[in-house]
Amino acid sequence: MPNVNVNGFDLYYADDDFADPWKPHDAVLMQHFVFGNHTQFRPWVPTLARELRVLRLDRRGSGLSAKPGLDYQYNLDDLLSDFAGFLDALGIERVHYIGDSLGGVLGAAFAATHPERVKSLVLCATPCWIKPPTRALFAREGYADGPTAVTAMGSWIYAVAGVLHARPAEATVEAQLRALYRAEQTAMTPAHVIASLMRMVTQPDFNITPLLPKVQAPTLLLSPSKSIHTTPDEQTMMLQTIPNCRQVLFEDANHGIAFDEPERCAEEALGFIRKHSA
């Protein structure tokens, strides 16, 4: 398994490249949602990796990457430093960046603060800040908030409880299995890490809106029309605020388009990246 040590953490990454070896081709860095890991983007890989080197990085604490200690508090600067260090370790000067939800939040911040490292930016179902409905979903019945719940329940029970709450009883077997697989992946992240991530993203100053005008990279928004985490109005604001930005609207789609419509997401992303490759 490929690992690289960055800022004292062994970071796991999946590296898929099925482009013709004799043709120069760019790299793309993919970043998962808040409690996810590299497996989230598996269905995207066949579309992207035929033309690009696809790097799916597990952030510190997530997936197969090393876990911080119990007293560690996540912060934006550390995560952005990990991205820059990861690219340095692999000898990559610039990438196309694809991020889903929190992965997109981090991508916009990375593009704004490290413009020399980002060729293009794809933001999938990306909010600018965490809204009350998201905070409510972090919590579980009987607990005051998300960090309290996951610390008491443990990551496995916490994740499965979320699936049982969100999925209707009449859901198909496939839908239930997909949801349980996502819960299993979330449960790979220790409870103290999930709690720390929640505390980071719910801080009042965790808001990328002021950074949007500083994003120089060409940007594509993959925008769900029915997300409770990022509204159509917020997506329109991002479209109008990021200097070089276009949007693809997913009609009647909820927040999980990266999971529910991976083929379309990958095709839209690839078409956009082609226009901005070397």
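1. Let's start with an ion pair. Arg117 has a relative accessible area of 10% and so counts as buried (under 20% is buried, over 50% exposed, and anything in between partly exposed, using a 1.4 Å probe and protein chains only). Arg117 makes a salt bridge to Asp88, with the closest N and O atoms 3.0 Å apart (the rule asks for a side-chain nitrogen of Lys or Arg within 4 Å of a carboxyl oxygen of Asp or Glu). Arg117 sits in the loop between helix 3 (102-113) and strand 6, and Asp88 in helix 2, so the pair ties together parts that are 29 residues apart in sequence. Helices (H or I, at least four residues) and strands (E, at least two) are DSSP runs, numbered from the N terminus.

2. A word on ground rules. This is a predicted model, so bear in mind that local features need pLDDT of at least 70 and side-chain atom pairs count only at pLDDT 80 or more, while totals for chains, interfaces and linings use all residues. Numbering runs from 1 along each chain as its sequence is written, and side-chain values use heavy atoms, with hydrogens and water left out.

3. Overall build: the protein has 11 helices and 8 strands. Its radius of gyration is 18 Å, close to the 19 Å from the globule rule for 278 residues, so it is as compact as a globular protein of that length (C-alpha atoms only; the rule is 2.2 Å times the number of residues to the power 0.38). The C-alpha trace spans about 55 × 40 × 40 Å along its principal axes. Of the 278 residues, 56% are buried. Among contacts (heavy atoms within 4.5 Å) with a separation of 6 or more, 76% join residues 24 or more positions apart.

4. On to the other ion pairs; the total is 13 salt bridges. Arg50 and Asp20 meet through their side chains at 3.3 Å, N to O. This pair links distant parts of the chain, 30 residues apart: Arg50 is in the loop between helix 1 (45-48) and strand 4 (53-57), Asp20 in the loop between strand 2 and strand 3 (27-31). Arg50 is partly exposed at 45% relative accessibility, whereas Asp20 is buried at 18%. Arg60 and Asp82 form another salt bridge, with their closest N and O atoms 2.6 Å apart. Arg60 lies in the loop between strand 4 and helix 2 (76-90) and Asp82 in helix 2, so this pair ties together parts 22 residues apart in sequence. Both Arg60 and Asp82 are buried.

5. Which residues touch the most other members of the largest nonpolar core? Of its 61 residues, they are Phe35, Leu55, Phe86, Tyr97, Leu102, Phe110 and Met200. A second, separate core has 26 residues, including Ala49, Cys124, Ala258 and Cys265. A core here is a set of buried Ala, Val, Leu, Ile, Met, Phe, Trp, Tyr and Cys residues joined through side-chain atoms within 4.5 Å. Tyr97 is worth clicking on: beyond four places in sequence, its contacts include Leu29, Phe83, Leu106, Phe110, Val118 and Val122.

6. Helix 8 (residues 191-201) is mostly covered, with 9 of its 11 residues buried. Among the buried ones are Val193, Leu197, Met198 and Met200.

7. For the outside, look at Val173, Leu177 and Leu180, which make a nonpolar surface patch of about 280 Å². Patch members have over 30% relative accessible area and no salt bridge; nonpolar side chains (Val, Leu, Ile, Met, Phe, Trp, Tyr) are joined within 5 Å, like charges within 9 Å. Val173 belongs to helix 7 (residues 173-186) and is exposed at 60% relative accessibility.

8. Two backbone oddities to check. Asn7 has a positive phi near 50° though it is not glycine; Asn7 sits in the loop between strand 1 (3-6) and strand 2 (9-17) and is partly exposed at 43%. Ala125, also not glycine, has phi near 45°. Ala125 is in the loop between strand 6 (118-124) and helix 4 (132-138), and is buried at 0% relative accessible area.

9. Ala125 leads on to Pro224, since the contacts of Pro224 beyond four places in sequence are Ala125, Thr230, Phe250, Ala253, Asn254, His255 and Ile257. Pro224 lies in strand 7 (residues 219-224) and is buried at 1%. Pro224 and Ile257 are 33 residues apart in sequence, with a C-alpha to C-alpha distance of 6.9 Å.

Terms used: Accessible areas come from the Shrake-Rupley method with a 1.4 Å probe; for residues, only the protein chains shown count as cover.
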